[in-house]
Amino acid sequence: QVQLVESGGGLVQAGASLRLSCAASGLTFSRHYMGWFRQAPGKEREFVARINWAGTTYYADSAKGRFTISRDNPKNTVYLQMNSLKAEDTAVYYCAADRLGRSNRADYWGQGTQVTVSS
């Protein structure tokens, strides 16, 4: 059974930083792109960032320059470092694992972690 368990969300002020973590189990970590998506209230879920086994990264325009995705392969864990947070970053953040590295869907999803940025 595949499990993706996110942690690290919370309530912060604008300009602050947060680091999200996602621990994966039940899948071959090296065969999956790992990514982060988010869904704000009243909006569709959107792609944020992804990373492959070798560490190649890809970001949504909204994340470029502020967010950094990384992975620790021996620990089966992926991270999202978020700096200079803005109110518009408020959303539920979901970890995702996908064999193809798609930006609009994934094979597996975590349960989500809430990030709230107050202005």
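This report walks through the fold, the disulfide, the aromatic rings and a few selected residues of the chain above.

**Overall fold**

Please keep in mind that the model is predicted. Let us begin with the chain as a whole. It holds 11 strands and zero helices, and its pattern along the sequence reads β-β-β-β-β-β-β-β-β-β-β. The radius of gyration is 13 Å, close to the 14 Å that the globule rule gives for 119 residues, so the chain is as compact as a globular protein of that length. Along the principal axes, the C-alpha trace spans about 40 × 25 × 20 Å.

How much of the chain is buried? Buried residues account for 44% of the 119 residues. The surface that the chain exposes comes to about 6,300 Å², and carbon and sulfur atoms supply 44% of that area. If you care about contact order, here is a handy figure: among contacts with a separation of 6 or more, 57% are between residues 24 or more positions apart.

**The disulfide**

How many disulfides does a search of the whole structure find? It finds one. Cys22 and Cys95 are the partners, with an S to S distance of 2.1 Å. Cys22 belongs to strand E3 (residues 18–25) and Cys95 to strand E9 (residues 91–98), so the pair ties together parts that are 73 residues apart in sequence.

Is this disulfide left-handed or right-handed? The torsion about the S-S bond of Cys22 and Cys95 is about -80 degrees, so the disulfide is left-handed. As for its surroundings, Cys22 is buried, with a relative accessible area of 0%, and Cys95 also counts as buried at 0%.

**Aromatic rings and charges**

Now to the rings. A pair of aromatic rings is described by the distance of the centres and the angle of the planes. With centres required to lie within 6.5 Å, the count comes to three aromatic pairs. One of them is formed by Phe37 and Phe47, an edge-to-face pair at 5.7 Å centre to centre, with 75 degrees between the planes. The edge-to-face label applies because that class takes planes over 60 degrees apart.

Phe37 lies in strand E4 (residues 33–39) and Phe47 in strand E5 (residues 46–51), so this pair ties together parts that are 10 residues apart in sequence. Phe37 is buried, with a relative accessible area of 4%. Phe47 has 11% relative accessibility, and it counts as buried because the cut-off is under 20%.

Which residues do the ring pairs link into a cluster? They are Phe37, Phe47, Tyr58 and Trp109. Trp109 has a charged partner too: Arg45 lies over the face of its ring, at 3.7 Å from the ring centre. Elsewhere, the charged end of Arg71 sits over the ring of Phe29, 4.3 Å from the centre of that ring.

**Three residues in their settings**

Three further residues show how parts of the chain meet. The table pairs each with a partner and gives their separation in sequence and in space.

| Residue | Partner | Sequence separation | C-alpha to C-alpha distance |
|---|---|---|---|
| Ala16 | Met82 | 66 residues | 8.4 Å |
| Tyr93 | Ser21 | 72 residues | 10 Å |
| Gln114 | Val92 | 22 residues | 4.4 Å |

Ala16 is found in the loop between strand E2 (10–13) and E3. This alanine is partly exposed, with a relative accessible area of 24%. Beyond its neighbours within four places in sequence, Ala16 is in contact with Met82, Asn83, Ser84 and Leu85.

Tyr93 lies in strand E9, the strand that also holds Cys95. Is Tyr93 buried or exposed? Tyr93 is buried, with a relative accessible area of 0%. Leaving aside neighbours within four places in sequence, its contacts include Glu6, Leu20, Trp36, Phe37, Arg38, Val48 and Phe67. Leu80, Met82, Gly112, Thr113 and Val115 are also among the residues that Tyr93 contacts. Two of these names have come up before: Phe37 belongs to the ring cluster, and Met82 is in contact with Ala16.

Gln114 has its place in strand E11 (residues 113–118). With a relative accessible area of 41%, Gln114 is partly exposed. Not counting residues up to four places away in sequence, Gln114 touches Gly9, Gly10, Thr90, Ala91 and Val92.

Notes: Residues numbered from 1 in each chain as written. Predicted model: local features only at pLDDT ≥ 70, side-chain atom pairs only at ≥ 80, totals over all residues. Heavy atoms only, no water. Phe/Tyr/Trp six-rings, centres within 6.5 Å; stacked < 30°, edge-to-face > 60°. Helix = DSSP H or I, 4+ residues; strand = E, 2+ residues; numbered from the N terminus. Buried < 20%, exposed > 50% of the residue type's maximum accessible area, 1.4 Å probe, protein only. Lys NZ or Arg CZ within 6 Å of the ring centre and 35° of its normal. Disulfide = S-S within 2.5 Å. Rg over C-alpha atoms; globule rule 2.2 N^0.38 Å. Contact = heavy atoms within 4.5 Å. Areas by Shrake-Rupley, 256 points an atom, 1.4 Å probe, with all protein chains shown as cover.
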